[in-house]
Structure formats: C-alpha cells, structure tokens
Amino acid sequence: MLKTPVEPDEARTSNPPLPLAGKMAIVTGASAGIGRAVAAQLAKLGAAVVVSGRRMARLETLAAHITQMGGAALAVEADAADNAAIDQLLAKAETWGEKTGCGLSMVVVNAGRGLAGGLLGSDESQWEYLYRLNVLGAMHLMRRAAARFAEKKQGDIVVLGSVAGHNISPFSGMYGSTKWAIAAAAEALRREVCGQGVRVTTIKPGIVESEFQDVAGYTFDNFTKMVQKFGAVLKPEDVAAAIGFVVCQPPHVHINELVIRPTGQDYP
Ligand SMILES: NC(=O)c1ccc[n+]([C@@H]2O[C@H](COP(=O)([O-])OP(=O)(O)OC[C@H]3O[C@@H](n4cnc5c(N)ncnc54)[C@H](OP(=O)(O)O)[C@@H]3O)[C@@H](O)[C@H]2O)c1
C-alpha cells in the first residue's frame, strides 16, 4: 500500500518545529507599541526574545506573558540612547543565550521617538536627544550586532524607519530626517555585510496607533485632523506580522525594505 506523505498517526504526534525555534532575538523599545507586538510575534514563531526598554515593570509583564504562553523571554532594562547600556544589553542577551541554547540571530532596532514640527516649528531643545536615540544609538546597536553576525555568517538586523523618512514632510521634518538617516545607514550596512550572509532590513511604517503620537507631541491640529481622512490606521500587530514574514524567509532570500501604510494613507 502506498504511504501518504504524513500518516494520520504521525500528524497527531509530531508538530512541525516553529520557524524561529532555537533562535534568539533582541527587540528594543519592547515596552509599548510596535516593539511589544514584534516581541510577541517572534516568540509565537518560536524565538527566544530579549525585550528591552526603560520601563522595566512593563517589560517584566511582557516577558511573563510570553513565558506563560510557552515561550522564552528575558526583560533587560536599557536606554537605547546610551552606547554603554546597549553593549551591556548585548552581553546579557549572549549570557542568557548560553543558558537557553539559543544563539543571538536577530536584532530589531525599534526604540525611537517622534517630534512634532519641521525645522521652524519643532522644539530645538529636543534635537540632540532625537538624534542620539533615533540615529546614533540605533547605529551603535546595528554596528555591534553586524560585527557579531558577520562572524557567524548569518543574522537579521531589522531597523524601524518610517514613511516620514521616506517622504519628508514639513510637519514632521526633524523626526523624518532621523528616519531618513537611519534608513541610509541600514542600506549602507546591508551592502557591507550581505556578502557574509547578514540581512539588514528597513521597515517603513505609515501611521501606527501607539504611544508614539503622545510622546512626539502631536495634537489635533498638527496630526489628528490630517489622519482622520485616512480611515483605519495600522495596529502594531500589523507591522509585527510583516517583520515576522521578513525574518522567516529562507537564508538566500532578503526583503531589503518594506513600506507598510494604512490603505487610506496617501502621504507622507
Ligand atoms: N507609531 C507610528 O506611527 C510609527 C510610524 C513609523 C515608524 N515608527 C517607529 O517605530 C518605532 C516604535 O514606535 P512606536 O509607534 O511603537 O512608539 P511607542 O509606542 O511610543 O513605543 C516606543 C518604544 O521605544 C522605547 N523607547 C523610547 N525611548 C527609549 C530609550 N531612550 N531607550 C530605550 N527605549 C526607548 C519605549 O520604551 P520606554 O519608554 O519604556 O523606554 C517604547 O517601548 C520607533 O522607532 C518609531 O519611530 C512609528
């Protein structure tokens, strides 16, 4: 008798391994919004996740939730604008990886903030910090991760850009300039390390409902009025699903860049 590819008994007893089983991811800015959803999504796909940010209580709640669902998670407090803290985050993740047997193979460079206004309208006292967090801190993490991954000849670095850095607008010009810069750095790094099997991906979301708008100082007049015409905006989970799709591609496939907008968002 011919054997079917999977006999019914086998199908009942053996679940296929999850696509990211045995891998570890660091997600920065995991205490809220996109980062929290990405951490949950990668864990659902089988990755052990190191969730990082400044609000430790929230990170611990997320890690406990992932663990309850059968995943593995470690909460690490780290300021993503502080290079020494980033180095410690990497070191803690690697120490944890030795215990869990999951090697670090994904870094999601997500921590960031917005700032309402262009060059004339934005609060200049915030400029330096905006660049330290969104650009210099992000680049430091990308550099450190890329050096490790190049040695191992594999790894994913996923960088959160924005459509605000893709189509520079006058109403979020300073923020947009940081996302323009980090997307340029990500593409430069991709060219440096793709030959060693390392994938550097830029994700450019449109409007996502999160704490981002409040932190950036967007108001009804400078934000909500414009956004209302777009209809439903993205949820953090929509971006997380896209990132899950990107990192689950086979090693020879790299989706370099992904722009993901609410369907009704024409601009930026
Ligand atoms: N929402 C949007 O419409 C949108 C669109 C395009 C791109 N993005 C980008 O997507 C990323 C995530 O944004 P989001 O919408 O999820 O915003 P969010 O809800 O405000 O979350 C931001 C996350 O970044 C963390 N963070 C901020 N400053 C930090 C610091 N100094 N050190 C460590 N962590 C820090 C926050 O954690 P703690 O406060 O606990 O540190 C929080 O977990 C950002 O890079 C943002 O620029 C957002």
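Two strands pair if DSSP finds at least two bridges between them. The legends below accompany close-up views of a predicted model.

**View A. The whole chain contains ten helices and seven strands.** The radius of gyration of the chain is 19 Å, close to the 18 Å that the globule rule gives for 268 residues, so the chain is as compact as a globular protein of that length. Taken along the principal axes, the box filled by the C-alpha atoms is roughly 75 × 40 × 40 Å. Of the 268 residues in the chain, 44% are buried. Contacts between residues at least 6 apart in sequence join, in 72% of cases, residues at least 24 apart.

**View B. Seven strands form an open sheet with parallel pairing.** Read across the sheet, the order of the strands is E3-E2-E1-E4-E5-E6-E7. Strand E3 (73–77) and strand E7 (257–260) are the edge strands, each of them pairing on one side only. From one strand to the next, the twist averages 20°.

**View C. Strand E1 is shown with its partners E2 and E4.** Residues 23–28 form E1 and residues 103–109 form E4, and these two strands pair in the parallel sense over five bridges. E1 also runs parallel to E2, to which five bridges join it. Within this arrangement, the residue Ala25 has Met106 in E4 as its bridge partner. Ile26 faces a residue in each partner strand: this residue stands opposite Val107 in E4 and opposite Val50 in E2.

**View D. The side chains of E1 point in two directions.** Lys23, Ala25 and Val27 point one way from the strand, whereas Met24, Ile26 and Thr28 point the other way. Is E1 mostly covered or mostly uncovered? E1 is mostly covered, since six of its six residues are buried. The residues pointing each way from E1 are all buried.

**View E. Edge strand E3 pairs with E2.** The two strands pair in the parallel sense over five bridges. Gly53 has Glu77 in E3 as its bridge partner. Although E3 pairs on one side only, this strand is mostly covered, with four of its five residues buried.

**View F. Helices H2 and H7 lie across strands of the sheet.** Helix H2 lies across E1, strand E2 (48–53), E3, E4 and strand E5 (155–160). The angle at which H2 runs to E1 is about 170°. Helix H7, which comprises residues 173–193, lies across E5 and strand E6 (198–205). In this case the angle to E6 is about 160°.

**View G. The ligand is surrounded by 29 residues.** The closest of these residues are Gly29, Gly33, Arg54, Gly112 and Ser210. Two elements, helix H2 (33–44) and helix H8 (212–216), each give two or more residues to the shell around the ligand. Which element gives the most to this shell? H2 does, with three residues. Sorted by class, the shell has 13 nonpolar, eleven polar and five charged residues. H2 therefore appears in two of these views, as a helix that lies across E1 and other strands and as a contributor to the ligand shell.

**View H. Gly118 is placed in the loop between E4 and helix H5 (127–152).** Is Gly118 buried, partly exposed or exposed? A residue counts as buried if 20 or more other C-beta atoms lie within 10 Å of its own, and as exposed if 12 or fewer do. Gly118 has 17 other C-beta atoms within 10 Å, so this residue is partly exposed. Its contacts, leaving aside neighbours within four places in sequence, are Pro170, Phe171, Gly173 and Met174. Ala80, which is 38 residues away from Gly118 in sequence, lies 24 Å away in space, C-alpha to C-alpha.

**View I. Ala183 is located in helix H7.** Ala183 counts as buried because 20 C-beta neighbours lie inside 10 Å. Not counting residues up to four places away in sequence, Ala183 touches Gly161, Gly165, Thr202 and Lys204. Thr201 is 18 residues from Ala183 along the chain, and the C-alpha atoms of the two are separated by 9.0 Å.

How values were computed:
Residues are numbered from 1 along each chain as its sequence is written. This is a predicted model: local features need pLDDT of at least 70, side-chain atom pairs count only at pLDDT 80 or more; totals for chains, interfaces and linings use all residues. The radius of gyration is taken over C-alpha atoms; the globule rule is 2.2 Å times the number of residues to the power 0.38. Two residues are in contact if their C-beta atoms, placed from the backbone, lie within 7 Å. A residue is near a molecule or strand if its C-beta atom, placed from the backbone, lies within 6 Å of it. Ala, Val, Leu, Ile, Met, Phe, Trp, Tyr, Cys and Pro count as nonpolar, Asp, Glu, Lys and Arg as charged, and the others, Gly among them, as polar. Axes are lines fitted to C-alpha atoms, for helices over the stretch in contact, and angles run from 0 to 180 degrees between N-to-C directions.
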